[in-house]
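This report introduces a protein structure to a reader who has not met it before. The sequence and the model are shown first.

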Amino acid sequence: MVLAYPRALSPGVRRSLGGEEPVDFDVDGGVSRLRVRGRNLLVLHQRPPRIEEVLQEADRLLWLDGRVVAPQLVATGRAGEGDEAVVVELDENSSPVAGGLLPVNPELLATELGRALGRLHQMPTDDCPFESATGSHFDSVVEAVEREEREPASDGPYAGRAPADLIAILADLLASVEESASVFIHAGLSLDRVWFAPDGVMTITGWDQAGLGDRHLDLAAAAASVAASFGPATVGPLYEAYGLDNIDARSLDAHQLLAHLMP
């Protein structure tokens, strides 16, 4: 059961909600996601001292304004207590894919996600100020393994392999592939962040890590997420809709392991 949870919100954020009190919906990493009854609004909220994801999300949504697959930024602000919040507008008919609340054809969803990633990766990036290179993600997973924050996988192709061994394999894989041209990537993709409408309109949230990087990271994360939810048969339609000519198999293999090690 989801109950209303009072939160400190800035006056500007409260005005954007039309006087309604947001209701706890779920948690995405360190960010609380709240909904407004009867409105197609999503509130992203963090309490201090950890407010960096919400701040980073706001920065990227400002840059993404009017571009593909990202929600529209409605309001952002810091309450007197230090809480940060961002309000975004979703398509009025969209529902979250994760959680089973939305009846969806898995092949259609995978196809639309592949198309959405294709449009995202084709965006002009001349004025993009955000770096999100594969190297920074590699450094992050190395640090996480050193802090013993990763456990051996219980299933899948890496089942039973120690995280430290996988880091060594990943380093060799990344060194063996040609560097791809940087595109704007989401860099944190999962179906928990995908919202889908019956007419096929797709919106993706959770842009706090987005920036310039290798397209194969998004493709690997998307494939892992749809396969986990709907089975491996959905991966083919995802890649076909994206465009097989734009996918390098060796780079995809390397980034599948990187995505596996990322939180």
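The text below goes from the whole chain to its salt bridges and then to single residues.

## Basis of the description

The structure is a predicted model, in which local features need pLDDT of at least 70 and side-chain atom pairs count only at pLDDT 80 or more, while totals for chains, interfaces and linings use all residues. Residues are numbered from 1 along each chain as its sequence is written, and side-chain values use heavy atoms, with hydrogens and water left out.

## The chain as a whole

Eight helices and ten strands make up the secondary structure elements found in the protein chain. Helices (H or I, at least four residues) and strands (E, at least two) are DSSP runs, numbered from the N terminus. The protein chain has a radius of gyration of 19 Å, close to the 18 Å that the globule rule gives for 263 residues, so it is as compact as a globular protein of that length. This radius is taken over C-alpha atoms, and the globule rule is 2.2 Å times the number of residues to the power 0.38. Along the principal axes, the C-alpha atoms fill a box of roughly 55 × 40 × 40 Å.

Buried residues account for 52% of the 263 in the protein chain. Here buried means under 20% relative accessible area, exposed means over 50%, and partly exposed lies in between (1.4 Å probe, protein chains only). The protein chain exposes about 12800 Å², and carbon and sulfur atoms supply 49% of that area. Accessible areas come from the Shrake-Rupley method with a 1.4 Å probe; for residues, only the protein chains shown count as cover.

Contacts (heavy atoms within 4.5 Å) often span the sequence: among those between residues at least 6 apart, 68% join residues at least 24 apart.

The protein chain carries 20 positive and 41 negative charges, and the mean positions of the two groups are 6 Å apart. Lys and Arg count as positive and Asp and Glu as negative, whereas His and the chain ends are not counted. The place of a charge is taken as NZ of Lys, CZ of Arg, CG of Asp or CD of Glu.

## Salt bridges

A search of the whole structure finds twelve salt bridges. The term denotes a side-chain nitrogen of Lys or Arg within 4 Å of a carboxyl oxygen of Asp or Glu. Three of these pairs are listed here.

| Pair | Closest N and O atoms |
|---|---|
| D83 and R47 | 3.8 Å |
| R115 and E112 | 2.9 Å |
| R193 and D208 | 3.9 Å |

In the salt bridge between D83 and R47, D83 lies in the loop between β4 (72–78) and β5 (84–89) and R47 in the loop between β3 (41–46) and α2 (52–64), so the pair ties together parts that are 36 residues apart in sequence. D83 is buried, with a relative accessible area of 5%, whereas R47 is partly exposed at 40%.

R115 and E112 both belong to helix α3 (residues 106–121), where they stand three residues apart, about one turn of the helix. R115 is partly exposed, with a relative accessible area of 42%, and E112 counts as buried at 14%.

The salt bridge between R193 and D208 links distant parts of the chain: R193 is in the loop between β7 (183–185) and β8 (194–196), and D208 is in the loop between β9 (202–204) and β10 (211–213), 15 residues apart. R193 is buried at 9% relative accessibility, and D208 is buried at 9%. A network of salt bridges links R193 and D208 with D28.

## Single residues

D28 is placed in strand β1 (residues 23–28) and is buried, with a relative accessible area of 16%. Leaving aside neighbours within four places in sequence, D28 is in contact with R33, R193 and G206.

D192 sits in the loop between β7 and β8 and is partly exposed, with a relative accessible area of 43%. Not counting residues up to four places away in sequence, D192 touches R33 and A98. The C-alpha atoms of D192 and P96 are separated by 7.1 Å, although the two residues are 96 residues apart along the chain.

T76 belongs to strand β4 and counts as partly exposed, at 44% relative accessibility. Residues up to four places away in sequence aside, T76 touches V13, A58, A85 and V86. T76 and V183 are 107 residues apart in sequence and 27 Å apart in space, C-alpha to C-alpha.
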